[in-house]
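Here's a quick briefing to read with the structure open beside you. Have a look around the model first, then work through the bullets.

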Amino acid sequence: MSTEPSVERDLDGLGEQATDGHTRLTDISGVTEGRSMASIPEYYAGKNVLITGATGFMGKVLVEKLLRACPEVRALYLLVRPKAGQSMEQRVSDMMTCKLFDRVREVNPDFHLKIIPISSELTQPGLAISPEDVEKLSACINVVFHCAATIRFDEPLKHALQLNVIATQQLLSLAKQMQHLEAFVHISTAYANCNRKHIDEVIYPPPVEPKKLIDSLEWMDDSIVRDITPRLIGDRPNTYTYTKALAECVVQQEQDKLNIAIIRPSIVGASWQEPVPGWIDNFNGPSGVFIAAGKGILRTMRANNDAVADLVPVDMVINLTLAAGWYTAVHRRKTEKQKDERPKSALVYNCTTGGINPFHWGQIEHHVMSSFKRNPLEQAFRRPNANITSNYLMNQYWILVSHKFPALIYDFVLRLSGQKPQMMRIFNRLHKAIGLLEYFSSQDWEWNSENMSMLMSQLTPEDRRTFNFDVRQLNWPEYIENYCIGTKKYVLNEDMSDIPAARQHLRKLRNIRYTFNTLLVVFIWRVFIARSQMARNIWYFVVSLCFKFLSYFRASSTITK
């Protein structure tokens, strides 16, 4: 396997080798010629699209955007597995009833007729797709969007390998049977190569040959694999980034047979504009951290205030993904007409914000706290007041004082009232989740995004508006405000009309805090300090000074009146 992308590119004269040896997109065809091509909605009209991971966060947004912005698309085939006692039909039906699809529902109430679920299981040979469905997909699919993956950072290596690498291999095998396939778009992650500080839009050499690793782990007991996992993943922080790097290698191995694009989003957050600002449906990534901070549970987090928080809205990622599918297919078709026999190379798009429109963790902390004080969550544990620090000892101190000590008191009260203690368990889960994020919140990366910029230049003005992924337009304070409101409305299902009651609850918590702090000061002085004559003298001096100040204040108020 070649360790660097091919210098040549199957893009109608759009491939050029940069001076550093990396293949990048260059605009030889020109904007004028690009605009003579079919627009993105025109391209997807009449197309059959296969989507994996459609019931996940990004998959749902992809399905919604395709149906709304490309209404003439012929059909969307979704690979879905039965889960938690639900059939695949039930899961798809539940997905289509959520608020995400309200805009599509208004325009086309029968949009569900275009959605065709296909029974599949990523952990089974051949993805457990029936022979009849394989034949159907092979005969009709034009574009594949591979979104399915496990995003758990602490996933056991064997399971992560199965879902992120082996399943990708099997989907590629199916894709090679598709007679009318024009584009295969693989969703990776910008952190697949997080062991590097500067990341270009290229596929880097894998940490190990995927086939060799798969063959080696096949016979090993799970306990053995668990023991050797740290040595295998090396300088990567978890099995997620490790297996996503291997998956890119697997995709690259098929680039001479398929027309491939790879999308690398960074930390995917709530929607920016579409279908509604702030839409989010899960606790993953920053969403869970925001909610914990808004509830007053999270009071401290170890992160670098000055490090770039490379958040990217989910609708921007999906817009780029659809544009990349269009661009990959259209330029491949033009190349075939010219009978260009040059070898193909997968085109990589780093979908990030830090290098173009940076926003830092310290700024996020400020705006999240401000937002939740204006729009508080219901029944908060304490008032929102999180603190970010990069110092390990300070973080441990605040964990003890602001997390564990209050949790012990709260659980003690629950025991006295005959209820089951739960707060310490919640904090332990929170600490585990935050610990998994520390690697990404404590350092910076530099991502090259030339291909993303060039793809934008190839869009018509109308397509740029409809499929906007220009991160320069992102207003961060407004986005974070909508993100926080989105967690309240769409994740916690709280009503915005209850905000006055939530604010009243915060005021009550503030009064409780002031009362507790006052009693604590009195207790410390009276029990530990006031036993000595000097301490008593200081005590009486402070109290008398306070009385004098109050008397002066009252006298001044009377004179003023």
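What follows is a short tour, going from the whole chain to charged pairs, then to packed helices and two single residues.

Keep in mind that this is a predicted model. The protein has 561 residues, and 52% of them are buried. Its secondary structure adds up to 20 helices and 15 strands. If you take the contacts with a separation of 6 or more, 83% come from residues 24 or more positions apart.

**Salt bridges**

- Side chains with opposite charges can pair up when their charged atoms get close.
- How many salt bridges turn up in a search of the whole structure? The count is 21.
- Let's start inside one helix: Asp 133 makes a salt bridge with Lys 136, and their closest N and O atoms are 3.7 Å apart.
- Both of these residues sit in helix H6, which covers residues 131-140. They are three residues apart, or about one turn of the helix.
- Is Asp 133 buried or exposed? Asp 133 is buried, because its relative accessible area is 15% and the cut-off for buried is under 20%.
- Its partner Lys 136 has 36% relative accessibility, so Lys 136 counts as partly exposed.
- Next up is Glu 248, which forms a salt bridge with Arg 264, with the closest N and O atoms 2.8 Å apart.
- Glu 248 belongs to helix H10 (residues 239-252) and Arg 264 to strand E9 (residues 260-265), so this pair ties together parts that are 16 residues apart in sequence.
- Glu 248 and Arg 264 are both buried.
- Now try Glu 438 and Arg 302, a salt bridge whose closest N and O atoms are 3.7 Å apart.
- Here Glu 438 comes from helix H15 (residues 423-441) while Arg 302 comes from strand E11 (residues 300-302), so the pair ties together parts 136 residues apart in sequence.
- Glu 438 is partly exposed, at 23% relative accessibility, and Arg 302 is partly exposed too, at 27%.
- Salt bridges can also share partners: Glu 64, Lys 65, Arg 68 and Glu 274 are joined that way into one network.

**Helices that pack together**

- Two packed helices are described by the angle between their axes and by how far apart those axes are.
- Helix H11 (residues 286-294) packs with helix H13 (residues 361-374) at an angle of about 50°, and the axes are 10 Å apart.
- That angle makes H11 oblique to H13, and their crossing is right-handed.
- Which residues meet where H11 and H13 touch? Phe 290, Ala 293 and Gly 294 from H11 meet Ile 364, Val 368, Met 369 and Phe 372 from H13.
- Sorted by class, this contact has six nonpolar residues, one polar residue and no charged ones.
- Helix H7 (residues 157-175) and helix H8 (residues 210-218) pack at an angle of about 135°, with axes 11 Å apart.
- What do we call an angle like that? H7 and H8 are oblique to each other, because 135° falls outside the roughly parallel, antiparallel and perpendicular ranges, and the rest count as oblique.
- The crossing of H7 and H8 is left-handed.
- On the H7 side, the residues in this contact are Leu 157, Lys 158, Leu 161, Val 165, Ile 166 and Gln 169. On the H8 side, they are Pro 210, Leu 213, Ile 214, Leu 217 and Glu 218.
- By class, the H7 and H8 contact has eight nonpolar, one polar and two charged residues.

**Two residues to find yourself**

- Go back to Lys 136, the helix H6 residue that pairs with Asp 133.
- What does Lys 136 touch, leaving out residues up to four places away in sequence? Lys 136 touches Tyr 77 and Ile 118.
- Lys 136 and Met 178 are 42 residues apart in sequence, yet their C-alpha atoms are 9.3 Å apart in space.
- Then look for Ile 426 in helix H15, the helix that also holds Glu 438.
- Ile 426 counts as partly exposed, at 28% relative accessibility.
- Ile 426 and Ala 407 are 19 residues apart along the chain, and 8.9 Å separates their C-alpha atoms.

Note on methods. Residues numbered from 1 in each chain as written. Predicted model: local features only at pLDDT ≥ 70, side-chain atom pairs only at ≥ 80, totals over all residues. Heavy atoms only, no water. Salt bridge = Lys/Arg side-chain N within 4 Å of Asp/Glu carboxyl O. Helix = DSSP H or I, 4+ residues; strand = E, 2+ residues; numbered from the N terminus. Buried < 20%, exposed > 50% of the residue type's maximum accessible area, 1.4 Å probe, protein only. Axes fitted to C-alpha atoms, helices over the stretch in contact; angles between N-to-C directions. Parallel < 35°, antiparallel > 145°, perpendicular 65-115°, else oblique. Left-handed = near helix turned anticlockwise from the far one by under 90°. Contact = heavy atoms within 4.5 Å. Nonpolar A, V, L, I, M, F, W, Y, C, P; charged D, E, K, R; others polar.
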